[in-house]
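Trainee: Please take one part of this model and go through it closely. I would like the charged pairs, and then whatever surrounds them.

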Amino acid sequence: MARTVAGLPRGVRLSDHVTLGVLTTTVPASLIDAVLADTERASVRHRSLPARLVAYYIMALALYGQASYGEVLRCLLEGVRWLCRGGDVLALATKSSITKARRRLGVAPLAELYRRVARPLATPGLPGAFYRGHRLVSLDGTTLEQPDTAEIDTRFGRPAASRGTSAYPQLRLLALAETGTLRTGVPKRR
């Protein structure tokens, strides 16, 4: 049975621009450029997928997990074009170009970027972010199927299934997220 390619709706959507705007506000280009320089991964020559764009692309993959790699790149490039208010039409890269660009970037810049950005945002005393002096957080988890190789099987193993073990080695991912909310603009009760 052929698999239907997951995609996002064609055309420009306001939510894509908002998502890209939040991403670029949270992780400004100057920070990505500094991390790329520190990890020696900055683009040296002009490429269709420069290192900074690839870093944003990898972050966008997490935001659009239900879509194909090509669709996420299309969405990101449309957002960049919209933020630049027109300009040159950015061409989509081929699958092999995307793979090569991700391999060129590597893990080091993303690990360093995470180290510099990931931290609690709520300040002590922020209403809705703490309860009895403790920061409000949530745990969320998922399981990701890994390639069926002996090395990965040895490292991650296979969880139990109804008839023995699962078909693929699996990686269990657990995330801790700050869940406090800031209540602004809420009228006071009289």
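Mentor: What follows sets out the fold, then the charged pairs, then the spaces and the surface.

This is a predicted model. The protein has 7 helices and 6 strands. Along the sequence they run α-α-α-α-α-α-β-β-β-α-β-β-β. Of its 190 residues, 24% count as buried.

Now the charged pairs. Side chains of opposite charge can pair when their charged atoms come close. This structure holds 8 salt bridges. Three of them are taken here, one by one.

Start with E71 and R74. Their closest N and O atoms are 3.1 Å apart. Both residues lie in helix α4. They are 3 residues apart, about one turn of the helix. E71 counts as buried because its relative accessibility is 11%, under the 20% cut-off. R74 is buried too, because its relative accessible area is 7%. Two charged residues, then, each on the buried side of the cut-off.

Next come R115 and E112. Their salt bridge spans 2.6 Å from N to O. Helix α6 holds both residues, 3 residues apart, again about one turn of the helix. Here the two ends fall into separate classes. R115 has 56% relative accessibility, so it counts as exposed. E112 has a relative accessible area of 17%, so it is buried. The pair also belongs to something wider: D38, E112, R115 and R116 are linked in a network of salt bridges.

The third pair is R158 with D148. The closest N and O atoms are 2.4 Å apart. R158 sits in the loop between α7 (150–156) and β4 (160–161), while D148 sits in the loop between β3 and α7, so the pair ties together parts that are 10 residues apart in sequence. R158 is partly exposed because its relative accessibility is 27%. D148 is partly exposed as well, because its relative accessible area is 46%.

Now the spaces around these helices. About 1,600 Å³ of space lies in the largest pocket. Its lining has 38 residues, and I58, M59, A62, L63 and Y114 lie nearest its centre. The elements that give two or more residues to this lining are α1 (14–26), α3, α4 (69–83), α6 (108–117) and β6. That list includes α4, the helix of the E71 and R74 pair. It also includes α6, the helix of R115 and E112. By class, the lining divides into 26 nonpolar, 6 polar and 6 charged residues.

There are enclosed spaces too. A search of the whole structure finds 2 cavities of 30 Å³ or more. The second largest cavity has about 40 Å³ of space. Its lining is L49, L53, V54, Y57, L73, I98, A101 and R102. Helices α3 and α5 (95–105) are the elements that give two or more residues to it. The lining divides into 7 nonpolar residues, no polar ones and 1 charged.

Move to the surface. V137, L139, L174 and L176 make a nonpolar surface patch of about 440 Å². Strands β3 (137–145) and β6 (170–178) each supply at least two of the patch residues. L139 lies in β3. At 62% relative accessibility it passes the 50% cut-off, so L139 counts as exposed. A175 lies in β6. Its relative accessibility is 39%, so A175 counts as partly exposed. The C-alpha atoms of A175 and L139 are separated by 5.6 Å, although the residues are 36 apart along the chain. Strand β6 thus appears twice here: it supplies the patch, and it gives residues to the lining of the largest pocket.

Last, the backbone. Most residues other than glycine have a negative phi, and most peptide bonds are trans. Two residues here go the other way in phi. E40 is not a glycine, yet its phi is positive, about 55 degrees. It is found in the loop between α2 (29–38) and α3 (51–63). E40 counts as exposed because its relative accessibility is 70%. R132, also a residue other than glycine, has a positive phi near 50 degrees. R132 is found in the loop between β1 (130–131) and β2 (134–135). Its relative accessible area is 70%, so R132 is exposed.

Key: Residues are numbered from 1 along each chain as its sequence is written. This is a predicted model: local features need pLDDT of at least 70, side-chain atom pairs count only at pLDDT 80 or more; totals for chains, interfaces and linings use all residues. Side-chain values use heavy atoms; hydrogens and water are left out. Patches are made of residues with over 30% relative accessible area and no salt bridge: like charges are joined within 9 Å, nonpolar side chains (Val, Leu, Ile, Met, Phe, Trp, Tyr) within 5 Å. Accessible areas come from the Shrake-Rupley method with a 1.4 Å probe; for residues, only the protein chains shown count as cover. A salt bridge is a side-chain nitrogen of Lys or Arg within 4 Å of a carboxyl oxygen of Asp or Glu. Helices (H or I, at least four residues) and strands (E, at least two) are DSSP runs, numbered from the N terminus. Buried means under 20% relative accessible area, exposed over 50%, partly exposed in between (1.4 Å probe, protein chains only). On a 1 Å grid over the protein atoms alone, a cavity is a set of points where a 1.4 Å probe fits but cannot get out, and a pocket is an open set with protein on both sides within 12 Å along at least five of seven lines; lining residues have an atom within 4 Å of a point. Grid points are joined across faces, edges and corners, and a volume is the space filled by probe spheres set on the points. Ala, Val, Leu, Ile, Met, Phe, Trp, Tyr, Cys and Pro count as nonpolar, Asp, Glu, Lys and Arg as charged, and the others, Gly among them, as polar.
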